[in-house]
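Student: Could you take me through one part of this model in some detail? I'd like a close look at the pockets and whatever sits in them.

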Amino acid sequence: MSVVDALNSRVSTRAFLDKPVPEELLKTIFTEAQQSPSNCNVQPWQTYVVSGDKKDQLKDKLLTAIMSGKAPNPDFDWEVRYEGAHRDRQFGAANALYSAMGIERSDKQGRQIAMARNWSFFDAPHAVFFTMDKYLNIMGAVDIGIYAQTLSLLLAEHGLASCMQGALGQFPDPVRDMLDLPEERGILFGMSFGYADESADVNRARTDREPLEASVTFVG
Ligand SMILES: Cc1cc2nc3c(=O)[nH]c(=O)nc-3n(C[C@H](O)[C@H](O)[C@H](O)COP(=O)(O)O)c2cc1C
């Protein structure tokens with residue numbers, strides 16, 4: 001598969017088959033992802049792949065935290081309020097998702113239930129948490145973003161689907177406990193992955209992209 005084919009075939013996938021990825025393949029993919037570039041080659045990613053009973057236990061703990069009405073307490077600042085064109089695109093993405101699921105704009109409860117599926121990992125057999133030392137701040141976040149995209153393209157190449165999830169960094173306490181993370185380490189975000197359930201309506205959601213001129217200026 002070419003890079004452009006991997007890029008075009010990757011979409012955020014939010015329903016998965018109950019079929020774990022063979023351990024050998026997991027190791028191959030995560031070994032390949034180590035090739036990701038990073039500033040000064042510091043390779044700040046400390047990645048945790050959670051599967052099986054541990055994943056189910058974590059799901060229960062995360063859902064309990066959400067149900068308790070507890071406010072999110074992410075390790076990093078995810079507070080940005082999108083403005084202007086960014087806000088329009090945010091609405092566009094939400095609209096694509098909820099339309100595919102048949103959830104009306106006015107159906108607040110339906111949207112909340114759909115949102116909560118983030119913390120059951122959309123029933124994926126695996127979830128990966130991207131953690132890094134907190135002091136790295138934006139420098140580390142850039143590297144981890146690049147690493148996550150590398151990983152998502154490798155997954156696509158191996159016939160696997162994924163969804164990056166800021167939501168998985170919103171309630172870090174149960175994750176920190178389960179992964180036994182030291183205090184100086186922060187959870188940036190996560191990603192659920194596995195084999196896509198091609199029959200699920202939610203997986204028909206498609207987002208668009210701006211034309212070249214909206215984003216790229218050629219100088220000289
Ligand atoms: C850093 C990051 C965080 C994201 N967080 C979430 C999330 O918490 N839940 C979710 O359903 N999708 C999440 N997404 C998926 C985006 O909504 C999706 O990438 C975007 O709408 C473009 O759609 P596409 O991935 O299908 O091309 C996230 C994507 C990125 C890159």
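Tutor: Sure, and keep in mind that this is a predicted model. Let's start with the second largest pocket. By class, its lining is made up of eight nonpolar, six polar and three charged residues. The space in that pocket comes to about 250 Å³. There are 17 lining residues, and the closest to the pocket's centre are Ser9, Val11, Thr13, Ala161 and Ala196. As for secondary structure, the elements that supply two or more residues to this lining are α6 (137–157) and β3. Of these, α6 gives the most, with three residues.

Now for the ligand. The shell around it has 14 residues, with Ser12, Arg14, Asn118, Gly166 and Arg209 as the closest. Sorted by class, that shell holds six nonpolar, five polar and three charged residues. Strand β3 (residues 161–165) turns up here too: it provides the largest share of the ligand's shell, three residues. So β3 is a handy element to click on, since it also gives two or more residues to the lining of the second largest pocket.

On to the polar contacts, going by side-chain N or O atoms. Ser12 has one such atom 2.6 Å from an oxygen of the ligand. For Arg209, the distance from a side-chain N or O atom to a ligand oxygen is 2.8 Å, and for Thr207 it is 3.0 Å. As for burial, the ligand taken alone exposes 620 Å², and the protein buries 69% of that.

Technical notes: Residues are numbered from 1 along each chain as its sequence is written. This is a predicted model: local features need pLDDT of at least 70, side-chain atom pairs count only at pLDDT 80 or more; totals for chains, interfaces and linings use all residues. Side-chain values use heavy atoms; hydrogens and water are left out. A residue is near a molecule or strand if one of its heavy atoms lies within 4 Å of it. A polar contact is a pair of N or O atoms within 3.5 Å; within protein, one must be able to donate a hydrogen and the other to accept it, and residues adjacent in sequence count only if both atoms are side-chain atoms. Accessible areas come from the Shrake-Rupley method with a 1.4 Å probe; for residues, only the protein chains shown count as cover. Helices (H or I, at least four residues) and strands (E, at least two) are DSSP runs, numbered from the N terminus. Ala, Val, Leu, Ile, Met, Phe, Trp, Tyr, Cys and Pro count as nonpolar, Asp, Glu, Lys and Arg as charged, and the others, Gly among them, as polar. On a 1 Å grid over the protein atoms alone, a cavity is a set of points where a 1.4 Å probe fits but cannot get out, and a pocket is an open set with protein on both sides within 12 Å along at least five of seven lines; lining residues have an atom within 4 Å of a point. Grid points are joined across faces, edges and corners, and a volume is the space filled by probe spheres set on the points.
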